[in-house]
Amino acid sequence: MKHTGPFRLETCARPNILSLQPYRCARDDYKDDGTNILLDANENAYGPSLDVLGNLHSDSSNPNGAIDPKKLDIDLLGLHRYPDPHQTELKQRLCKLRNLHTHTTRDLSPEHLFVGVGSDEVIDALLRCFCTPGHDKILTCPPTYGMYAVSAQVNDVKIVKVPLDPAKEFQLQPTAINAALSSDPSIKLVYVTSPGNPTANLLEKSDIQQLLEHPTWNGVVVLDEAYIDFSPDGASLAEWVTEWPNLVVMQTLSKAFGLAGIRLGTAFTSPEIARLLNNLKAPYNISSPTSALAIAALQPDNIAVMRKNRAKIMEQRQRLVHELPKISRIGRFLGGTDSNFLLVEILDKPKNHGGKPSNESAMALYEGLAETRGVVVRFRGKEMSCEGCLRVTVGTSAEVDRLLAEIRSLLEDEKLIDPSTNGGECRTKKAGEIKEQEASDVVA
């Protein structure tokens, strides 16, 4: 018999948590079953940047960076001990990676760093550090990464939105942002992303500087540089935190370093902010295997592997930029080409027949690729100023071959040309909008 009593979940739990929609990520819809080509989560298609098998010199025998665990410096016998709570060696290597003196003569040191379980822990830690639940706000610039909104809702923090400017390749609108900051002192954090997600473009350094130089606002600018290593050398502003006390630069080893599975995110910031973040974290938030793999990836030989894999990705990125527009119902690329993905419009009919960006056509192609061809990309048509857009992660040469072939095949299919049908099934406008929203809600 089920026990009853005074407990009522709906009145015991926090209202903002009760109203949360389930978190949906890239693998909720389409799994890695060994046959699907996954170009939807901006992972590194060439694998982890670990040269333990001589990958740097032997691509043909080991094209995806298969790892021999026996050659990794992981102390398996030490797993019964708690990991280093300070991660000093890891932080030293991260500082060495970013001390390029492109934007300042000052040096980063471990005192400038917080490391977390992916960038998601950094995003959440900043909210808990600076925002009073139910009172303070953050400012975001859509279209942008969805986890800022998810973490804000978890922490009962409201969001003020100042969109990126689509007329200027999705750059910031610093005058409008500063006006919002002047009018609302409850805004404590501004989250901006460079390169943008899903827009793939670097933000102008001068625009970020305008936010940092706001004459009255008492808050923190958070610059998310998850994809910075796919941008031109010297683009990272991580070392700039030595100049600005109200700047946080987030990075990750999930993208260019191909280590999404170890979940390691970093925050470069002032020693004072870093101290606050380190004070509020769980004592042993970074596991020993994560730390060992990250330190290995930051060794010179493995940084060379990262750069070689990055060059391959950039080659395939340029190939997509060149080849996709040759397909009749492919429209413009929106944003930029500073990342390992592209944002591209899907048209309702061929360009030479006046085709326009269409969410219905983009959704039909997205579903057709995933469900009939085993190629998974990401629908982003519900994002602000992204009508009819798919976000496509740059894959290996073979994956790009298949992607281009399947897109050509599907866009020549009469069923896809008529957005009211997909796979022979009638799609009402309402049903189509529901599917579009579900696909857009995936945080990736």
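Here is a walk through this model, from confidence to core, strands and salt bridges.

Keep in mind that what you have on screen is a predicted model. The chain averages a pLDDT of 90, and 85% of the residues score at least 70. Two stretches deserve some caution. Over residues 55-66 the pLDDT is below 50, though the model still gives this stretch 18 contacts beyond near neighbours in sequence. Residues 422-427 also stay under 50, and there the model has 13 contacts beyond four places in sequence.

Let's start on the inside. The largest nonpolar core holds 91 residues, and the members that touch the most other members are L139, L172, L247, F257 and I407. A second, separate core has 22 residues, among them C131, M147, L189 and Y191. Back in the largest core, click on F257 and look around. Leaving aside residues up to four places away in sequence, F257 touches G47, P48, S49, L97, D229, A297, L298, I303 and M306. Keep D229 in mind, as this residue comes back with the salt bridges.

L247, another of those core residues, takes us to strand β7, which spans residues 247-252. How many of the six residues in β7 are buried? Six of six are, and both faces of the strand are covered. On one side you'll find L247, V249 and Q251, and on the other V248, M250 and T252.

Now look at what flanks β7 in the pairing. Strands of a sheet pair through backbone hydrogen bonds, either parallel or antiparallel, and β7 gives you one of each. With β6 (residues 220-224), β7 pairs in the parallel sense over four bridges; to find the register, look for V221, whose bridge partner in β7 is L247. With β8 (residues 265-268), β7 runs antiparallel, again joined by four bridges. Here V249 is matched with F268 in β8.

β8 also contains G265, a residue worth a closer look. With a relative accessible area of 0%, G265 counts as buried. Some of its contacts are back in β7, since G265 touches Q251 and T252. Others include F114, V115, G116, G118, S119 and V122. From G265 to D120 the sequence separation is 145 residues, yet the two C-alpha atoms are 7.5 Å apart in space.

Elsewhere in the chain there is an open sheet of four strands, in the order β9-β10-β13-β12, with antiparallel pairing. Which strands stand at the edges? They are β9 (330-334) and β12 (378-379); each has a single partner strand, so one side of each is left without a neighbour in the sheet. Three bridges join β9 to β10, which covers residues 341-346. To line the two up on screen, find F333 and its bridge partner V344 in β10.

That leaves the charged pairs. The count comes to 13 salt bridges. One of them brings back D229, whose side chain meets that of R98 at 2.9 Å, N to O. D229 sits in the loop between β6 and β7, while R98 belongs to helix α3 (residues 88-98), so this pair links distant parts of the chain, 131 residues apart. Buried or exposed, where do D229 and R98 fall? Both are buried.

D120 returns as well, this time in a salt bridge with R263, where the closest N and O atoms are 3.8 Å apart. Because D120 lies in helix α4 (residues 118-130) and R263 in the loop between β7 and β8, the pair ties together parts that are 143 residues apart in sequence. R263 counts as partly exposed, at 32% relative accessibility.

For a third example, go to R319 and D401, whose closest N and O atoms are 2.2 Å apart. This salt bridge runs between two helices: R319 is in α10 (residues 300-323) and D401 in α12 (residues 397-411), so parts 82 residues apart in sequence are tied together. R319 is partly exposed, with a relative accessible area of 25%, and D401 is partly exposed too, at 39%. Finally, E323, K326 and R408 are joined into one network by salt bridges that share partners.

Definitions and conventions. Residues are numbered from 1 along each chain as its sequence is written. This is a predicted model: local features need pLDDT of at least 70, side-chain atom pairs count only at pLDDT 80 or more; totals for chains, interfaces and linings use all residues. Side-chain values use heavy atoms; hydrogens and water are left out. A nonpolar core is a set of buried Ala, Val, Leu, Ile, Met, Phe, Trp, Tyr and Cys residues joined through side-chain atoms within 4.5 Å. Buried means under 20% relative accessible area, exposed over 50%, partly exposed in between (1.4 Å probe, protein chains only). Contact means heavy atoms within 4.5 Å. pLDDT is the predictor's confidence in each residue, from 0 to 100. Two strands pair if DSSP finds at least two bridges between them. A salt bridge is a side-chain nitrogen of Lys or Arg within 4 Å of a carboxyl oxygen of Asp or Glu.
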